[in-house]
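Colleague: I'm new to this, so could you walk me through the model? I'll ask the questions, and you do the reasoning.

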Amino acid sequence: MRFLPVFLDLKAGPVVLIGAGELLRTKLRVLAAAGARIRVHAIDGSRELGGLDGKDAAQIEFIATDPLVADLSGVIAVVCAGAGDVGVAMSIRAKALGLPVNVMDDPEHSSFIFPAIVDRGDVVVAVGTGGTSPVVARRVREKIEALLPARIGELAEFIGGFRKSVNERIAEFPLRRRFWERVIDGSIGASVLAGRKGEAETALKAISDPSEFARADKPEGSVALVGAGPGDPDLLTIKALRALQDADIVFHDELVSPEILDRIRRDTTRVAVGRRVGKPGIGQDAINRRMIEAAQSGQRVVRLKGGDPFVFGRGGEEVEALRAAGIAYSIIPGITAGLGGAADFEVPLTYRHEATRITFLTAHKARDAETVDWSTLTDTRMTVVVYMGMTAAPAVRAGLFAAGRSPETPVGVFARVTRPDAQGAIGTLRDLPELVRQVSGGPAILIIGDVVRHAGSLHRQNATTNPAQIISDLLDAAE
Ligand code: SAH
């Protein structure tokens with residue numbers, strides 16, 4: 001390491017910026033955004049602010065004097081961007097005065113370099129590559145951006161606000177550290193990160209004995225109900241990914257794809273719960289009980305569910321059980337199979353004038369299908385998305401016929417959507433049970449409605465198959 005990352009106090013004095021053109025303005029924006037006072041020597045005489053507004057302009061002073069003879073007393077750093085030979089001369093002058101100097105893209109004449117910055121208020125991350133590759137530094141920064149919760153700066157600020165008063169009440173340093181670790185890792189930290197600062201403040205103020213809180217041998221457990229999406233791991237939300245990385249134990253549905261389970265930290269315990277059709281599994285009460293026990297023992301629990309936890313996922317019941325048990329919890333939505341299938345097979349679920357409503361329904365068994373009030377589904381401008389509808393396909397068809405939907409209504413059966421082995425079959429309502437047989441195995445969703453005509457090609461199955469053509473051929477044949 002040649003360049004040590006340190007943080008410069010911009011309140012200590014002005015920064016001198018020398019150069020011209022877009023390079024100068026880029027550095028001007030960086031420095032202004034950081035809150036620096038800036039003395040600009042524009043070699044080309046331009047006073048262009050590069051999109052900065054009046055508030056920033058108040059920190060910027062244009063100086064006409066030659067920078068090589070200008071007064072540098074009180075200046076905290078010198079930055080040259082697009083300054084040509086003047087940059088090199090300025091570097092020699094600044095070094096002679098013991099002033100930190102940066103000449104853009106010229107590490108040899110720089111005594112400091114600019115890192116790529118992740119700026120979250122009080123939390124700032126600097127990424128450097130010793131001046132070798134700013135592009136690599138930017139890629140690293142993007143990865144860190146994705147990893148850091150958006151409100152991490154607010155968490156730091158929140159703690160900053162209480163640090164003095166709490167520290168005065170805990171004498172021993174290690175105990176102080178444990179106090180803050182418990183606050184950050186527990187429900188108070190989670191509340192701040194979720195944007196509920198008021199709640200966090202109340203909880204923190206309610207701690208009557210901070211030393212005792214810090215000494216508690218068990219960390220505070222919590223449960224995150226996480227939607228895993230329909231299968232493609234890249235469709236996990238950033239929040240879901242973070243929860244998987246933080247979890248001590250994950251209770252997952254059978255439906256969650258192996259590629260997603262791969263994103264769980266290696267040393268995390270994984271427990272498969274939930275049932276597959278036809279196979280017995282752990283009952284819902286047992287799942288609730290095990291989640292609660294794990295959280296009560298201080299673990300960070302993730303309950304990982306296919307799609308979205310609140311769409312035919314029994315997430316509602318689990319939340320009620322967690323509330324009743326007084327466990328801290330959070331809910332992270334996921335992409336539900338219906339939306340994943342629509343995107344994968346390019347079926348717009350709504351379409352101007354043609355489809356103005358969407359219904360998501362479940363028809364697990366023919367028995368369930370009998371309980372559906374099909375008469376509410378007569379509107380031809382309604383797209384119907386059916387979950388768990390493979391075995392009940394004949395009953396779904398019968399129900400929609402009874403409601404007066406035309407046998408020629410376009411239908412798509414989309415299996416294993418967003419996964420590498422996704423498969424689709426397209427036809428009309430009349431052929432629904434046959435279409436279900438065409439896709440080799442579930443899980444599958446059924447999309448019913450005129451919008452299916454707009455589907456893209458069934459790429460995985462046969463690159464030349466055009467859904468609109470299939471439907472129009474079928475209709476021709478029927479006539
Ligand atoms: N909470 C889930 C739904 C669970 S119910 C969600 O929001 O997606 C299980 C049903 O979801 C399956 O029977 C099937 O209809 C549908 N499903 C789940 N994953 C799927 C996938 N990858 N492809 C097609 N359908 C899927």
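Modeller: Sure, and one term before we start: two strands count as paired if DSSP finds at least two bridges between them. Keep in mind, too, that this is a predicted model.

Colleague: Okay, how many bridges join strand E8 to E11, and which residue is the bridge partner of Gly227?

Modeller: E8 covers residues 222-227 and runs parallel to E11. The two are joined by six bridges. In E11, the partner of Gly227 is Lys305.

Colleague: Which residue in E11 does Phe251 stand opposite?

Modeller: Strand E9 (residues 249-253) also pairs with E11, in the parallel sense and over four bridges. In that pairing, Phe251 stands opposite Arg303.

Colleague: Is E11 mostly covered or mostly open, and how many of its residues are buried?

Modeller: Side chains in a regular strand alternate between the two faces of the sheet. In E11, Arg300, Val302 and Leu304 are buried on one side, and Val301, Arg303 and Lys305 are buried on the other. Both faces are covered, so the strand counts as mostly covered, with the number of buried residues being six of six.

Colleague: Let's move to helix H6. What distance should its 13 residues span?

Modeller: H6 runs over residues 173-185, and we reckon 1.5 Å a residue. The expected span is 1.5 Å times one less than the number of residues. The end C-alpha atoms are 18 Å apart, which agrees with the expected 18 Å.

Colleague: Why do the buried residues of H6 sit on the same side, and what arc do they cover?

Modeller: The buried residues are Phe179, Arg182 and Val183. They share a side of H6 because the arc they cover around the axis is only 100°.

Colleague: And which exposed residues are on the face of H6 turned away from its buried side?

Modeller: The buried residues have cover that includes helices H5, H7, H8 and H9. The face turned away from them carries the exposed residues Phe173, Pro174 and Arg177.

Colleague: Last one: which are the edge strands of the five-strand open sheet?

Modeller: The order is E13-E14-E17-E15-E16, with mixed pairing. An edge strand here pairs on one side only. Further in, E15 and E17 pair in the antiparallel sense over five bridges, with Val413 partnered by Leu446 in E17. The edge strands are E13 (357-362) and E16 (423-428).

Key: Residues numbered from 1 in each chain as written. Predicted model: local features only at pLDDT ≥ 70, side-chain atom pairs only at ≥ 80, totals over all residues. Buried ≥ 20, exposed ≤ 12 C-beta atoms within 10 Å, placed from the backbone. Arc of directions from axis to C-beta. Contact = placed C-beta atoms within 7 Å.
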